[in-house]
Every structure is written in C-alpha cells, then in structure tokens.
Protein chains: 2
Amino acid sequence: MKNLPDKTVERLCQYRRSLNNQLAAGKTHIFSHEIANLLHITSVQVRRDIMLIGHSGTLRKGYDIKEMVKLIGKIIDTKEGQRIAVIGMGNIGKAFIHYLYEKRSKLKVVASFDVNPDKIDKTYADVYCYHLDRLKEIIQKEDIKIGIITTPPMVAPEVCENLVTAGIKGILNFTPKPLSVPDEVYLEEYDMITSLEKVAFFVKHNE
Amino acid sequence: MKNLPDKTVERLCQYRRSLNNQLAAGKTHIFSHEIANLLHITSVQVRRDIMLIGHSGTLRKGYDIKEMVKLIGKIIDTKEGQRIAVIGMGNIGKAFIHYLYEKRSKLKVVASFDVNPDKIDKTYADVYCYHLDRLKEIIQKEDIKIGIITTPPMVAPEVCENLVTAGIKGILNFTPKPLSVPDEVYLEEYDMITSLEKVAFFVKHNE
DNA sequence: TTAGAATTGTTAAAAATTTAACAGATAAGT
DNA sequence: ACTTATCTGTTAAATTTTTAACAATTCTAA
C-alpha cells in the first residue's frame with residue numbers, strides 16, 4: 001500500500017472526513033457518485049482511488065462506510081498515533097491546536113513553542129507552551145515526529161534546522177518562507193497568500 | 001495572457017514574493033537557477049513559466065527583477081486592487097487580516113463578519129467587523145468581489161450561498177466543509193488538516 | 001425469467017504538468 | 001580572435017493525473 005499517488009493520499013483524507021460525517025448522519029453504505037458529489041470530483045476518480053487501496057464495494061449497494069474509514073485509517077494513521085509540535089503560537093498555531101483538540105484523531109499536538117513570555121508556560125487546549133530554546137530537548141524527550149511551523153517567516157529557517165537536527169521526520173511549513181530539509185524529512189509547504197492571489201487572478205480573468 | 005496553467009499562476013505568486021525579497025536585499029538581476037533554488041523547483045520550470053508570460057531575460061545576466069515583479073503584478077493584480085471580505089473572525093480570519101495588513105498588496109480586506117457580539121462593531125487591523133446578517137448589504141455596498149470563509153464548518157454552506165447571491169466572484173474556503181458554487185464563481189478550497197494528514201502519511205511510510 | 005437499469009472495477013485514452021535535450025547567444029579568459 | 005563556460009528560450013519526451021469506455025454483476029420489475 002506504499003506507492004499511492006500524492007493526490008490520491010490527499011483525497012483519501014477527504015474521503016475519510018466525509019465518510020465520518022455520513023456515518024454520523026446514520027448512513028452505512030455509500031455509492032461512488034455520492035462521495036464524488038460531496039467532494040466535487042468525479043465518481044470514476046473515487047472508484048479508482050478505492051481500487052488503488054485495494055478495497056471493494058458491493059454492486060448496487062456501494063461501499064461499506066465503516067470499513068472504508070477503517071481501511072483509510074490503516075493506510076494513513078499509525079497505531080500509536082503521531083506526536084506533533086506547533087512552533088509559533090500565533091493565530092495559525094492556535095487554530096491548529098484548536099482543530100486537532102476537537103477532532104480526536106490519531107494526530108496529537110503534545111507541545112508548542114514560542115518566545116513571547118505571555119505565552120510560555122501556559123497551556124492552550126491542553127497543549128503546554130515551552131520557550132523556543134527548549135525545542136530540541138522537548139522534541140526528543142516527547143518523541144515528536146512532526147512539526148508545524150507557524151512562526152514569523154524570518155525565523156522559520158532556523159526553526160526548521162533545529163527541528164531537523166532534533167530528529168523530526170515531517171514538517172508542515174505555514175510561513176511564506178520556503179524551507180530546505182534533507183531528503184529523509186518530508187516537507188509540505190502552504191502559503192495562504194498564494195491561495196488568495198490565485199483566487200484573485202481567476203476572478204480578474206473571468207470578467 | 002489568459003490561459004496560464006493553474007500551477008504556473010501559483011508559482012508566479014511565489015516568484016513575486018521571492019523577487020521582492022531579493023529586491024529588498026539589493027539585487028537587481030537574478031538567474032533562473034537562483035529563483036529555482038529559492039523555491040526548490042527546477043530552473044527549467046522557472047524559465048518555462050517566464051516564457052509563458054512572455055518575459056525575456058538577458059543572457060548571462062539573468063532576469064531584471066523589477067521588471068518581472070511589475071509584469072507579474074500586471075498579470076495577477078488589477079489596477080484598482082481587489083476588495084475582500086473575511087467571514088468568521090476566529091484565528092484564521094484574524095491571521096488573514098493581519099497578513100494582508102502588513103503586506104500592503106493590491107488585495108485589501110475591507111470588511112469582516114461574525115456573529116459574536118464581542119467582535120461585532122470592533123475593528124481589527126483597520127478592518128471593521130459587521131454582524132453576519134449584514135453580509136449581503138455590505139458586500140454590495142462595498143463592492144467586494146472576493147470572500148474568505150473562515151467560519152465554523154457548519155455554517156459555511158449558508159455563508160457561501162449568501163456570498164454568491166450577493167454577487168461575489170471568488171471564494172477561498174478555509175473550512176473543511178466542501179462547498180458548491182455556480183460556474184461563474186471561482187472557488188478555491190483548502191483544508192489544513194488534510195495537509196497535516198498528508199505529512200503524517202509520508203512520515204509513516206518513510207520509516 | 002427476462003429485460004432493463006444501476007453500479008462496480010479496470011483498462012485504455014486523454015489531458016495536464018514536469019523534465020530533458022539542445023540550439024543559440026553572450027561574456028570572460030586566453 | 002578563439003575557445004570555453006554559462007544561460008536563455010523552446011521544442012520534444014516523459015511522467016503524472018484525470019477522464020472515458022466498457023465489461024461484468026446485481027437488483028428490480030414486468
């Protein structure tokens with residue numbers, strides 16, 4: 001189950017969320033075209049993704065939602081759950097902690113970091129905030145494998161380097177500053193302003 | 001200059017930001033491979049993108065940074081600037097307003113909305129917060145063309161519908177709830193948790 | 001019980017995106 | 001001046017991602 005296309009992995013996460021909603025609404029089975037409608041993609045794509053993860057639906061009945069959620073979980077989650085740190089307790093950092101707190105997933109934020117004395121040694125949604133100086137120490141002590149960088153862009157490269165030397169395995173960079181990591185570390189970058197500029201571009205060119 | 005590939009548009013935004021940084025650092029010209037290194041892509045891709053927008057560099061000297069910034073601006077920005085509303089003044093909403101406030105770009109947040117009385121009728125980074133009930137009225141009065149939805153997921157579809165009937169042209173949806181819009185409205189969706197789960201997946205499968 | 005409609009699973013085709021290849025041009029060094 | 005390095009610009013190839021096409025299967029209902 002290793003070589004899933006990047007895009008399929010993304011969609012699997014989305015499927016799972018939608019499926020969980022459906023489950024909560026009392027449904028037990030779902031058709032490919034229903035999933036497709038929920039996510040605004042095509043049913044072919046849904047079926048293809050499901051094929052790729054080796055799952056099967058039953059004809060004229062669709063896919064068993066519980067089973068799919070379980071299977072996607074097996075593919076994406078680890079048994080023990082993954083331990084995460086948030087570096088930078090500004091708005092975005094807080095938003096992440098808040099989301100994950102409510103969500104009760106296998107992804108747990110177990111530490112946060114900042115340099116602002118008003119934030120250090122407090123807890124936000126059960127997550128303790130340490131001084132940035134203690135980054136390596138805590139990452140290693142708490143066996144944290146994933147870091148979310150939500151600091152001001154200026155300091156992001158340094159934070160990134162420290163995360164890497166502390167032994168982190170994956171980084172989600174929310175600052176607009178592009179980062180560098182060695183091959184064995186997975187890096188995902190996202191920049192809100194680029195998203196917005198993209199919208200602006202297409203709005204402009206639709207007129 | 002209309003039919004640029006989606007991905008090229010994204011990269012142009014990133015080029016511009018990096019180029020502005022270089023400008024601030026005193027550089028006047030830059031090679032394709034330098035841009036590539038800044039953004040962790042290949043120089044071929046940079047040259048190809050630049051070709052697509054009809055710009056030319058000078059051999060052995062590279063691209064004139066100021067010119068490129070200007071050209072990208074012409075492609076992405078509108079002359080008058082674009083007027084934006086943020087709906088939902090939680091952490092993410094605030095983060096957007098804060099970013100754009102500092103950035104002094106052609107994208108201006110001119111109104112925000114919430115239902116929390118503590119937030120309504122206050123201003124945050126010069127942006128006034130209205131009650132959600134006044135959405136249509138203000139959107140139209142203020143000639144707002146782009147909406148950023150950062151509400152709780154539950155209410156996102158309703159907000160979306162109201163934005164559309166108010167005549168908005170582009171929506172950036174930051175809630176995990178997928179939305180539907182008519183063809184003439186551009187919709188960009190982003191979900192932080194999916195990004196994080198993707199990182200988690202690749203971390204798991206690299207071990 | 002047979003025809004028809006609905007739905008999955010899969011292979012093949014198409015479209016989008018990235019990467020490679022390389023010709024052409026310029027500067028620098030000899 | 002000549003050679004070599006370096007860069008750009010562009011076409012072609014490769015890869016990735018999406019979409020189409022369709023056989024096979026199951027349910028429904030006449």
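Trainee: Hi! Which phosphate oxygen partner does Ser32(B) have on DNA strand D?
Mentor: A polar side-chain atom of Ser32(B) sits 2.5 Å from a phosphate oxygen of DNA strand D. Bear in mind that this is a predicted model, where local features need pLDDT of at least 70, side-chain atom pairs count only at pLDDT 80 or more, and totals for chains, interfaces and linings use all residues. Residues are numbered from 1 along each chain as its sequence is written, chains are lettered from A and ligands numbered from 1 in the order in which they are written, and side-chain values use heavy atoms, with hydrogens and water left out.

Trainee: What about Gln45(A), what does its side chain approach?
Mentor: An N or O atom in the side chain of Gln45(A) is 3.1 Å from a phosphate oxygen of DNA strand D. For Arg48(A), a side-chain N or O atom is 3.2 Å from a base oxygen of that strand.

Trainee: Switching topic: how many salt bridges are there between chain B and chain A?
Mentor: The rule finds 12 across that interface, counting a side-chain nitrogen of Lys or Arg within 4 Å of a carboxyl oxygen of Asp or Glu. One of them joins Asp191(B) to Arg17(A), with the closest N and O atoms 1.9 Å apart.

Trainee: And how many residues of each chain are in contact?
Mentor: 63 residues of chain B are in contact with 63 of chain A, contact being heavy atoms within 4.5 Å.

Key. Polar contact = N/O pair within 3.5 Å; in protein donor to acceptor, adjacent residues only side chain to side chain.
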